[in-house]
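Subject: Structure for your review, with notes on what was found

Dear colleague,

I am passing on the structure below, together with notes on what turned up in it. Please read the notes with the structure open beside you.

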Amino acid sequence: MASPQSKAFPKGFTWGTATAAHQVEGNNWNNDWWDWEHTPGSPCVEPSGDTCDHFNRYPQDIAMLKSWGFDTYRFSVEWSRIEPEDGEFSQAAIDHYRKVVRCCRDNGITPVVTLHHFTTPRWVAALGGWGNDATADLFARFSDKVARGLGDEVGMWCTINEPNMVSTIGYLLGEFPPGKKDRALRLKANEVFCAAHRKARDAVKSVSKAPLGITLAMQEYTIIGDNDDELAQAAAHRDRAWAGLEDPFLEVAKGDDFFGVQTYTREIMDKDGRTKPTSDMRLTIMGYEFRPSALEACIRRAWEQTNHVPLIVTENGVAATDDRERIEFVHDALDGVLNCIADGIDVRGYTYWTLMDNFEWTRGYAPIFGLCAVDRSTQVRTPKPSAHWLGRVAQANALLGIND
C-alpha cells in the first residue's frame, strides 16, 4: 500500500452531509416505520414525531451547510408522501422536493437524491413489501415519477439506501419492519431489492443524465483464531456473512455510474461466528467499536468486488457525546480514504452522516451522530465544532490536523 505524499484530495472531490426523510422531516405517518414505532412490543424506544421539522426548515438547514463550506447534500424523498396510495401521486409532494432541489442549487450545493431510505408506504407493506416481486415494479414506477418531477437539477441519484440492512434486520432478525425472522424471506427480499434497483436505474436513466448508484452498509471483517483450523472456520463465517449482506448488491452495482460505500465499524469473526465487543475495545455510544480505519478496508473491498466502479463515501460518521471524538474519527477515516486514492482507487467524495442529531430508528433520539445539535422543544440548531472543522477540510480540499 502506498503512502499518500500529500494530504490534498483530487480536484473535484465532493464534500457533503446526509439525512433521511423519516429521520428529519417529521410526521411521516403513512409508512411502515411510523406504524412500527407505534406497534406494541416493537423494539422502538420512542416514536419519531416531529423529528427536526426539516420538511419546513430545509431552507435554513441547507443555508447552514453552505455557510460551513460543503458542496453536496444527500437527502431522501419520502415515497409515502409522493404516492400515498397505489397509483395516486401527490403533485404537492413532488413540488416540495423540487423546491428542496432548487434550494440546494441556489446555495451552490449539489443535490444528491435517495429514492428509498428504509421507509416504505403502508399500502406497499400491506402487499408484502420487499418480499413481493411486484414491489420492484412499483418502486420503478415511483422512481420514474420522481425523476420526471424533479427535473434535471438533481446532481446524483441513489436508488436504495442500504437494502442489505432492510432485508437482514427486517426480514431475518425481526427488529425493523416488517419484523420477520425468516431466512428464505430475507433472501427473497435481497432478490427483490436487486430487481428494484435495476428497474429503477433504467427508469431514472431514461429521463435523467445525472450519475446513479446504489448505497450499501459495509463492515470491515477481522478474522481471529488460535490455529489454522479456527482461522479457516472464522473465514467461512465471514464469507457467509458477505454472501448474505454484501455480495448480491456489489454484483448488481457493476452497471452503475458510482457505488456508495457506507461504513461505521468492523466485525470480528472467530470459529463460532461474530464475536461481541471485548472490554479492551474502544466503543461508541452505539455499543460497537470505534473503528475509523474500517472505511479504508471497505473501500478496498468495494473497489475490487464491483470491478472498479467509481466510489463515493455516501455515509460515514460516529455517534459521540464528546465532539472531539467526532473530529478524531473523521480525521482518521479520511486518512484512510487518502491511502486508497494514493493506491489508484477512484474515490470521488465523502459524505458525513449526519447533518444534525435526529431519529436513530429503533434507538430513538439518544445516539447523536450530527454535526449540528437540535433542541427538539424549540428546533433551534446549534452547530458543533466538528461542523466547522469538516467545513474547513472541505474548503481546503485537504485533510487538516484535528486541531486546525
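The largest cavity in this predicted model has a volume of about 70 Å³, where a cavity is a set of points, on a 1 Å grid over the protein atoms alone, at which a 1.4 Å probe fits but cannot get out, and where a volume is the space filled by probe spheres set on the points, with grid points joined across faces, edges and corners. Its lining, meaning residues that have an atom within 4 Å of a point, consists of Thr 14, Thr 72, Tyr 73, Arg 74, Val 112, Met 156, Cys 158, Phe 258, Ile 312, Thr 314 and Thr 351. At least two of these lining residues come from each of strand 2 (72-76), strand 4 (156-161) and strand 8 (311-316), and strand 2 gives the largest share, 3 residues. Helices (H or I, at least four residues) and strands (E, at least two) are DSSP runs, numbered from the N terminus. By character the lining divides into 6 nonpolar, 4 polar and 1 charged residues, with Ala, Val, Leu, Ile, Met, Phe, Trp, Tyr, Cys and Pro counted as nonpolar, Asp, Glu, Lys and Arg as charged, and the others, Gly among them, as polar.

Before going further, a word on conventions: residues are numbered from 1 along each chain as its sequence is written, and side-chain values use heavy atoms, with hydrogens and water left out. As the model is a predicted one, local features need pLDDT of at least 70 and side-chain atom pairs count only at pLDDT 80 or more, whereas totals for chains, interfaces and linings use all residues.

The structure holds 2 cavities of 30 Å³ or more, and the second largest has a volume of about 60 Å³. Among the residues that line this second cavity are Thr 19, Glu 25, His 54, Tyr 58, Phe 75, His 96 and Tyr 97. Helix 1 (21-24), helix 3 (54-68), strand 2 and helix 5 (91-106) each supply at least two residues of that lining, and the largest share, 3 residues, comes from helix 5.

There are also pockets, a pocket being an open set of points with protein on both sides within 12 Å along at least five of seven lines. The second largest pocket has a volume of about 240 Å³ and is lined by 17 residues, of which Asp 32, Ala 125, Gly 129, Pro 177 and Pro 178 lie nearest its centre. Two or more lining residues of this pocket come from each of helix 2 (32-37), helix 6 (122-126) and helix 8 (163-171), and helix 2 has the largest share with 3 residues. The lining of this pocket divides into 9 nonpolar, 4 polar and 4 charged residues.

Helix 8 is itself mostly covered, as 9 of its 9 residues are buried, that is, under 20% relative accessible area with a 1.4 Å probe and protein chains only (exposed is over 50%, partly exposed in between). What covers the buried residues of helix 8 includes strand 4, helix 9, strand 5, helix 10 (228-245) and helix 11 (247-252).

Strand 5 (residues 212-223) is mostly covered too, with 9 of its 12 residues buried. Taking two strands as paired if DSSP finds at least two bridges between them, strand 5 pairs in the parallel sense with strand 4 over 3 bridges, and Asn 161 stands opposite Thr 215 in strand 5. Strand 5 also pairs with strand 6 (residues 258-270), again in the parallel sense, over 10 bridges, and there Tyr 221 stands opposite Glu 267.

A nonpolar core is a set of buried Ala, Val, Leu, Ile, Met, Phe, Trp, Tyr and Cys residues joined through side-chain atoms within 4.5 Å. The largest such core has 109 residues, and those touching the most other members include Trp 15, Trp 130 and Trp 157; its largest share, 8 residues, comes from helix 9 (residues 183-205).

Finally, Gly 370 lies in the loop between strand 9 (347-353) and strand 10, and it counts as buried because its relative accessibility is 0%. Leaving aside neighbours within four places in sequence, Gly 370 is in contact (heavy atoms within 4.5 Å) with residues including Arg 326, Tyr 352, Asp 357 and Lys 384.

With best regards
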